[in-house]
Amino acid sequence: MYLLKEKSLNDSAHVELELKSLLKNSVNVNKNNQNELLYAIDTYIEISGNIDIFQKIVSYRIKEIEKNHTQRPLKGNLYTILTSDIAKKNISENLLFGLPPLFRLIEKCATKYFENILECWATYECYKITSKATKSQNNHKVGHFMLSNTCDEDDSYKYEIVSNIENDTRLFHTAFSNVALDLSSANLLINIETFIKQQHWYEMLYCLDVSLSSEHFILYQENNGELPLLLSTALIQRGNNQHKWLTFQPFFQTENWTIELSNENLNTLNNCGMYDDDVNYLAQEKRIKNLDRKMLQSVKNKDLVCEIIRMAISGENKKLNFILFLTLKYLTIELYNIGLKIAYTIVEQPSILGFYRSVNSENCEISPYISVCSQHVEGTKLKTYQGIVLTEVMSKIFKESNFRSYNKRIISMRKLERTGIHG
């Protein structure tokens, strides 16, 4: 939880003194002095109006590295670039020329009290969410949960699709804070804590507003008369919003992606009845940018298509796999129920991919999952896959699956892949 610090910092001079004091502080890093730093940063932003302070610091350091990296383009994501040895050296030794002096003080404090400037930025965004809710004491109406569905596995788990989360007045707790948050704020907090802080996708810091609105799947658990605990969410972007799709953003359209559209995948596209009669011509396409565009153009009815992104899973560590299973199962079933039969996905979790490969091995004519391309992001351990889930076939499989059979599939596929039998 990110608490407000009761201290008066009413001008930039007081903020500067506080930052210098924090920099000299020799005590071990803890939540209290981290909160002092976050409070000082928040006060400075409010006084100065420099709302983009973190963006400017990060942009400066990236450009600084690019100037000394002219032989080939930078590879990796923000995290791998800004935690590299050259970045650490630059941050340690070089000033931020052309930026206000307090920016450099904040950068130095950020690297002292957090692992790096990116983690400080993400934690500051969490601090803003909870402190705002604490100040307002959440005067929202509690709201009703009449439209929720109950999971077969445990009736305390509920799920639903919310058309516009920005209009939802219900309050939730999260695994990351006991502060009561409205649905959009709770969703944003979970996205930051999971995708950004845990998985290091700091690029999302530039588009946090995406998590505050639009259509979402949500899974939550009732809590004995207390506020429900929001456990997972996923953003649903329909075909008429293709301009907003993550699939078509620059990072996911570069030549770093390896196309994996196999003959089996092409057969599925030909046999599922939702694409043009013959899409074998797609096998000739070597650039992911062109392939993605042509694949989408070949869909007969664009109303059947959506993109599922930002699927965030939270909760107790021992229950995370179960929560992931419930999310995948009921998200897929609900997508099919509302007529979304083609779901574009971006996945890197090995367990999800293992399950998809397992069900594919048993469905020869129509594979429930189509792998389109993959990339190993430099500096990370996992491969990221762009693919398509055919929800009609996949929802039938999930309806016949329980948590035990789901896990059994994943374990069996891992054994096959270790012995080199599969793929």
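**Exercise 1. The second largest pocket**

Which element gives the most to the lining of the second largest pocket, and with how many residues? Work it out on the predicted model shown above.

*Solution.*
Step 1. Start with the space itself: the second largest pocket holds about 590 Å³.
Step 2. Find its centre. The lining has 28 residues, and Glu125, Lys128, Ile129, Lys132 and Leu188 are the closest to that centre.
Step 3. Sort the lining by element. At least two residues each come from α2 (31-48), α3 (53-67), α7 (117-136), β4 (177-182) and α8 (183-198).
Step 4. Pick the top contributor: α7 gives the most, with 10 residues.
Step 5. Round this off with the chemistry: 14 lining residues are nonpolar, seven are polar and seven are charged.

**Exercise 2. The largest pocket**

Describe the largest pocket by volume, lining and residue class.

*Solution.*
Step 1. The volume comes to about 980 Å³.
Step 2. Its lining counts 38 residues, and those nearest the centre are Leu246, Phe252, Ile309, Arg310 and Ile346.
Step 3. Two or more lining residues are given by each of β6 (226-238), β8 (305-313), α11 (320-337), β9 (342-347), α12 (350-360) and β11 (383-390).
Step 4. By class, the split is 24 nonpolar, 10 polar and four charged residues.

**Exercise 3. Strand β8 and its partners**

Take β8 and work out how it pairs with β6 and β9. How many of its residues are buried?

*Solution.*
Step 1. β6 and β8 run antiparallel and are joined by six bridges. To anchor the register, look at isoleucine 236, which stands opposite isoleucine 308 in β8.
Step 2. On the β9 side the sense is parallel, with four bridges between β8 and β9. Here cysteine 306 has alanine 343 of β9 as its bridge partner.
Step 3. Now check the covering: nine of the nine residues of β8 are buried.

**Exercise 4. Two residues with positive phi**

Serine 214 and arginine 310 both have a positive phi without being glycine. For each, decide where the residue sits and whether it is buried or partly exposed.

*Solution.*
Step 1. Serine 214 has a phi near 80° and belongs to the loop between α8 and β5 (215-223).
Step 2. Its relative accessibility is 28%, so serine 214 counts as partly exposed.
Step 3. Arginine 310 has a phi of about 55° and lies in strand β8.
Step 4. The cut-off for buried is under 20% relative accessible area. Arginine 310 is therefore buried, because its value is 10%.
Step 5. Link this back to Exercise 2: Arg310 is one of the residues nearest the centre of the largest pocket.

**Exercise 5. The β3-β4 hairpin**

What joins β3 (residues 171-174) to β4, and in which sense do they pair?

*Solution.*
Step 1. The two strands pair in the antiparallel sense over three bridges.
Step 2. One partner pair to display is leucine 171 with aspartate 182 in β4.
Step 3. Two residues lie between the strands, and together β3 and β4 form a hairpin.
Step 4. For accessibility, five of the six residues of β4 are buried.

**Exercise 6. Cores and buried contacts**

Map the nonpolar cores, then look at serine 314 and helix α13.

*Solution.*
Step 1. A useful expectation: in soluble globular proteins, nonpolar side chains tend to be buried together.
Step 2. The largest nonpolar core has 64 residues, and Leu19 and Leu37 have the most contacts inside it. α7 gives the most to this core, with 10 residues.
Step 3. Beyond its neighbours within four places in sequence, leucine 19 is in contact with Leu37, Ala40, Leu102, Leu105, Ile106 and Cys109.
Step 4. A second, separate core has 40 residues, including Ile313, Tyr330, Ile352 and Tyr406.
Step 5. Serine 314 lies in the loop between β8 and α11. Serine 314 is buried because its relative accessible area is 2%. Leaving out residues up to four places away in sequence, serine 314 touches Ala175, Phe176, Ile190, Leu230, Leu231, Leu320 and Ile323.
Step 6. In α13 (residues 391-399), the buried residues are Thr391, Val393, Met394, Ser395, Ile397 and Phe398. They pack against α11, β9, α12, β10 (369-376) and β11.

Conventions
Residues numbered from 1 in each chain as written. Predicted model: local features only at pLDDT ≥ 70, side-chain atom pairs only at ≥ 80, totals over all residues. Heavy atoms only, no water. 1 Å grid on protein atoms, 1.4 Å probe; cavity = no way out; pocket = protein on both sides within 12 Å on 5 of 7 lines; lining within 4 Å. Points joined across faces, edges and corners; volume = space filled by probe spheres on them. Nonpolar A, V, L, I, M, F, W, Y, C, P; charged D, E, K, R; others polar. Buried < 20%, exposed > 50% of the residue type's maximum accessible area, 1.4 Å probe, protein only. Pairing = 2+ DSSP bridges. Core = buried A, V, L, I, M, F, W, Y, C linked by side-chain atoms within 4.5 Å. Contact = heavy atoms within 4.5 Å.
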